[in-house]
Amino acid sequence: MRREGDRIVVSGPVTLANVAAVLEEGYAQIRAGAGAVDLAGVTELDSSLLAMLLAWLREARRLGRGLDFANLPQGLATIARLYGVVELLPEAQSRH
């Protein structure tokens, strides 16, 4: 994960094996003012990525801010539809 301006750029795998560390790093970035998440570099994912994004969204809202998502992997859109939360990830809606 790296920060580019107000954007968190997530790369590599985000799975149950490493999601706790990525989650905490993202919380720190959101608290430091990040307002967007770019997922173009995600190479492997499972449902823990969706849970992490929803937790980040909840944290941003708690801080009175929004959080935009970009370049959602197709697999994530599928998982979001399966769990009935696709409307929380706006880009995923366009991939029905």
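Which residue follows α1, and what is the sign of its phi? In this predicted model, α1 is followed by Gly33, and the phi of Gly33 is positive, near 110 degrees. The helix that leads up to this glycine makes a convenient place to begin.

Helix α1 covers residues 19-31, which amounts to 13 residues. From its first C-alpha to its last, α1 reaches 18 Å, close to the 18 Å expected at 1.5 Å a residue. Its buried residues are Val19, Val22, Leu23, Gly26, Tyr27, Gln29 and Ile30. Because these residues cover an arc of only 165 degrees around the axis, they lie on the same side of α1. Ala20 and Ala21, by contrast, are exposed on the other side of the helix. As for what the buried residues of α1 pack against, the partners are β1 (2-4), β2 and α2.

One of these partners, α2, also packs against helix α3, which spans residues 74-83. The axes of α2 and α3 are 9 Å apart and meet at an angle of about 75 degrees. Since angles of 65 to 115 degrees count as roughly perpendicular, α2 is roughly perpendicular to α3. On the α2 side, the contact involves Ser47, Leu49, Leu50 and Leu53. These residues meet Leu76, Ile79, Ala80 and Tyr83 of α3. Helix α3 also holds Ala77, which counts as buried because its relative accessibility is 1%, under the 20% limit. The C-alpha atom of Ala77 is separated by 8.2 Å from that of Leu89, a residue 12 positions away along the chain.

Turning to charged side chains, the model contains four salt bridges. One of them joins the side chains of Arg2 and Glu4, with a distance of 2.9 Å from N to O. Arg2 counts as partly exposed, at 44% relative accessibility, and Glu4 is likewise partly exposed, at 41%.

Another salt bridge connects Arg7 with Asp38, where the closest N and O atoms are 3.6 Å apart. This pair links distant parts of the chain, as Arg7 belongs to strand β2 (residues 7-14) and Asp38 to strand β3 (residues 36-45), 31 residues apart. How exposed or buried is Arg7? With a relative accessible area of 28%, Arg7 is partly exposed. Asp38 has a relative accessibility of 14% and therefore counts as buried.

Within helix α2 (residues 47-62), Glu59 and Arg62 are three residues apart, which means that about one helical turn separates them. Their salt bridge has its closest N and O atoms 2.7 Å apart. The two partners differ in their surroundings: Glu59 is buried, with a relative accessible area of 8%, whereas Arg62 is exposed, at 57% relative accessibility. Through salt bridges that share partners, Arg31, Glu59 and Arg62 are joined into one network. Arg31 lies within the residue range of α1, 19-31, while Glu59 and Arg62 belong to α2.

Methods
Residues are numbered from 1 along each chain as its sequence is written. This is a predicted model: local features need pLDDT of at least 70, side-chain atom pairs count only at pLDDT 80 or more; totals for chains, interfaces and linings use all residues. Side-chain values use heavy atoms; hydrogens and water are left out. Buried means under 20% relative accessible area, exposed over 50%, partly exposed in between (1.4 Å probe, protein chains only). Helices (H or I, at least four residues) and strands (E, at least two) are DSSP runs, numbered from the N terminus. The expected span of a helix is 1.5 Å times one less than its number of residues. The arc is that of the directions from the helix axis to the C-beta atoms. Contact means heavy atoms within 4.5 Å. Axes are lines fitted to C-alpha atoms, for helices over the stretch in contact, and angles run from 0 to 180 degrees between N-to-C directions. Angles under 35 degrees count as roughly parallel, over 145 as roughly antiparallel, 65 to 115 as roughly perpendicular and the rest as oblique.
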